[in-house]
Amino acid sequence: MPVTQLITHEACARHDTGHWHPESPARLAAVLRALDGPDFAALAWQEAPRATPGRPARAHPAAFVERALAAVPRTGYVGLDGDTILSPGSGEAALRAAGAVVAGVDAVMTGAARTAFCAVRPPGHHAEPGTAMGFCVFNNVGIGALHARAAHGLRRVAVVDFDVHHGNGTQALFWDDAEAFFASSHQSPLYPGTGAREERGAAGQIVNAPLPPGAGSEHFRAAWSAELLPALDRFRPELVLVSAGFDAHRDDPLANLELVEADYHWITLQLLALAGRHAGGRLVSTLEGGYHLEALAASAAAHVQALMGDAA
């Protein structure tokens, strides 16, 4: 029977960003607590492997990977930028986060699982090929997408992103790649300032649906139903990967959208249906943003419930 894997690692909790930082270890702890109850007994928990530096180098120049890992301090904190903080545990956490998505891709491609959720940090979708930014060191979902090609011979891979912040790093990685699709709904204006409708990629394979501050369920679902999902359907992906950020929730302190848990359940079901039509149901999701602990936990639970329901 196909299962949903939950891929995580305790090293991700040792990525210490400082007591003031919103991207804190408490985020991952809240998600894992929410997924450790009787409703989630069927989840197959897996330990995230440690990615070799060559895996991130599929999405980043090798010199950048080396610099990022070399910047990890022995004590204290180092900022790769004003938002992206490293501490002694950060290198291992970043390699485990990337390794989790690689493992999820391997699991769904070999039939060990039908779907996977990678409960990891640091997040990844702001990391551009040569730049760590926005709390992100390596672009975990992009690494997984390119691994699917290199290791499993896929051509058409798709990343969809419903984080409240635009996934500029994934867009930059895929910009010139006609067989790599990227779709994003996100608040605009908001950090990082990218994601306009006019940003379409070299082959029109990038689709952005910016949402105004205050937009809620109706606007979010309309954008996906009318624009993003039809474009993904036309692309016919062989694998669907999800940047699952939950900071568009109405309680999140870093943005101004008005989504609720039911919206995350709904979009997950839509993506699963589309993966069922084109990709044998194969879908791998990885945690991105979400900074109100209770809202993050409840939203991630709604997302994973949908993943499990389809995989049962």
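Author: In this predicted model, a residue is called buried when its relative accessible area is under 20%, and exposed when that area is over 50%.

Reader: Which residues of helix H6 are buried?

Author: In H6 the buried residues are Phe220, Ala223, Trp224, Leu228, Leu229, Ala231, Leu232 and Phe235, and these residues pack against strand S6 (157–161), strand S7 (180–187), strand S8 (206–211) and helix H7 (261–278).

Reader: What makes the end-to-end distance of H6 agree with its number of residues?

Author: The expected span is 1.5 Å times one less than the number of residues, which for the 19 residues of H6 (residues 217–235) gives 27 Å, and the end C-alpha atoms are 25 Å apart, so the two values agree. H6 nevertheless has a kink of about 40°, centred on tryptophan 224, a residue that is also among the buried ones. After H6 comes arginine 236, whose phi is positive, near 55°.

Reader: Why is glutamate 23 called buried?

Author: The relative accessible area of glutamate 23 is 0%, and the cut-off for buried is under 20%, so glutamate 23 meets the definition. Glutamate 23 sits in the loop between S1 and helix H1 (25–34), where, leaving aside neighbours within four places in sequence, its contacts are His15, Thr17, Arg121, Pro122, Pro123, Phe135 and Tyr291.

Reader: What makes S2 and S8 the edge strands of the sheet, and in what order do the strands lie?

Author: The open sheet is formed by 8 strands in the order S2-S1-S5-S10-S9-S6-S7-S8, with parallel pairing. Strand S2 (44–47) and S8 each pair on one side only, and these are the edge strands. Neighbouring strands of this sheet are turned by 15° against each other on average, direction ignored.

Reader: How do you know that S9 pairs with S6 and with S10?

Author: Two strands count as paired if there are at least two bridges between them. S6 and S9 have 5 bridges in the parallel sense, and another parallel pair, S9 and S10, is joined by 5 bridges, so both pairs meet the cut-off of at least two. In the pairing of S9 with S6, valine 159 stands opposite leucine 241, while serine 243 has threonine 286 in S10 as its bridge partner. S6 also pairs with S7 in the parallel sense, over 5 bridges, and there aspartate 161 has serine 184 as its bridge partner.

Reader: Which helices lie on this sheet, and which strands do they touch?

Author: Helix H4 (residues 140–152) packs on the sheet, where it touches S6, S7, S9 and S10, and its direction makes about 170° with that of S9. Helix H3 (residues 90–110) lies across strand S1 (4–8), strand S5 (115–118), strand S9 (239–244) and strand S10 (283–287), and runs at about 165° to S10.

Reader: What makes S9 covered on both faces?

Author: In a regular strand the side chains alternate between the two faces of the sheet. On one side of S9 Leu239, Leu241 and Ser243 are buried, and on the other Val240, Val242 and Ala244 are buried as well; 6 of the 6 residues of S9 are buried.

Reader: Why is the protein called as compact as a globular protein of its length?

Author: The protein has 8 helices and 10 strands. Its radius of gyration is 17 Å, close to the 20 Å that the globule rule gives for 312 residues, and therefore the protein is as compact as a globular protein of that length. Buried residues make up 59% of the 312 residues.

Technical notes:
Residues numbered from 1 in each chain as written. Predicted model: local features only at pLDDT ≥ 70, side-chain atom pairs only at ≥ 80, totals over all residues. Heavy atoms only, no water. Helix = DSSP H or I, 4+ residues; strand = E, 2+ residues; numbered from the N terminus. Bend = angle between axes of the 7 residues up to and from the residue. Buried < 20%, exposed > 50% of the residue type's maximum accessible area, 1.4 Å probe, protein only. Contact = heavy atoms within 4.5 Å. Axes fitted to C-alpha atoms, helices over the stretch in contact; angles between N-to-C directions. Rg over C-alpha atoms; globule rule 2.2 N^0.38 Å.
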